[in-house]
Amino acid sequence: MEENDFLNNPALKNIDKNKLELLLQLTSQAGSKSGEDFLPFLMSAFSGENGIDFNDEETNIILEAMKPGMSPKEIKRIDTIKRMTKIIAARSKPAANNK
């Protein structure tokens, strides 16, 4: 996916430009990684390890915007991860509410 295509995606218009810039820097660093290594690398970017946290909505919007440049296998992995995180979040909410 071309950087300009990614940046011009209207779905990204409400995401902080600093966050998008960080994401672009990370994806350019990951350019030499294989498809198997790229997704874990990208997911680490969303975890806040780089000093910027992406909320769930931002993460979802960015992943959806990146899908057109991904292989079917990568898309399937992203969708699986998203389903798993929803399940984990749903299970943790009742516990958090009981505190």
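Okay, quick definition before we start: when I say helix, I mean a DSSP run of H or I with at least four residues, numbered from the N terminus. With that in hand, this protein reads α-α-α-α-α along the sequence. So what we're looking at, and it's a predicted model, has five helices and zero strands.

How much of it is buried? Of the 99 residues in the protein, 28% are buried.

Let's go to the largest pocket. Its volume comes out at about 390 Å³. Which elements give two or more residues to its lining? Those are α3, running 35-46, then α4 at 56-66, and α5 at 72-97. Helix α5 has the largest share, with five residues.

In total, 13 residues line this pocket. If you want to find the centre on your screen, look for D56, T59, N60, K82 and T85, which lie nearest to that spot. As for the chemistry of the lining, it's a mix: six nonpolar residues, four polar and three charged.

One more stop, and it's a single residue, E74. You'll find E74 in helix α5, the helix that also gives five residues to the pocket lining. E74 is buried, but it has no salt bridge. For a salt bridge we'd want a side-chain nitrogen of Lys or Arg within 4 Å of a carboxyl oxygen. Here the nearest side chain of opposite charge is R77, and that's 6.6 Å away. So what does the E74 side chain reach instead? It gets to the backbone nitrogen of S71, at 2.9 Å.

That's my tour, thanks everyone.

Terms used. Residues are numbered from 1 along each chain as its sequence is written. This is a predicted model: local features need pLDDT of at least 70, side-chain atom pairs count only at pLDDT 80 or more; totals for chains, interfaces and linings use all residues. Side-chain values use heavy atoms; hydrogens and water are left out. On a 1 Å grid over the protein atoms alone, a cavity is a set of points where a 1.4 Å probe fits but cannot get out, and a pocket is an open set with protein on both sides within 12 Å along at least five of seven lines; lining residues have an atom within 4 Å of a point. Grid points are joined across faces, edges and corners, and a volume is the space filled by probe spheres set on the points. Ala, Val, Leu, Ile, Met, Phe, Trp, Tyr, Cys and Pro count as nonpolar, Asp, Glu, Lys and Arg as charged, and the others, Gly among them, as polar. Buried means under 20% relative accessible area, exposed over 50%, partly exposed in between (1.4 Å probe, protein chains only). Lys and Arg count as positive and Asp and Glu as negative; His and the chain ends are not counted. A polar contact is a pair of N or O atoms within 3.5 Å; within protein, one must be able to donate a hydrogen and the other to accept it, and residues adjacent in sequence count only if both atoms are side-chain atoms.
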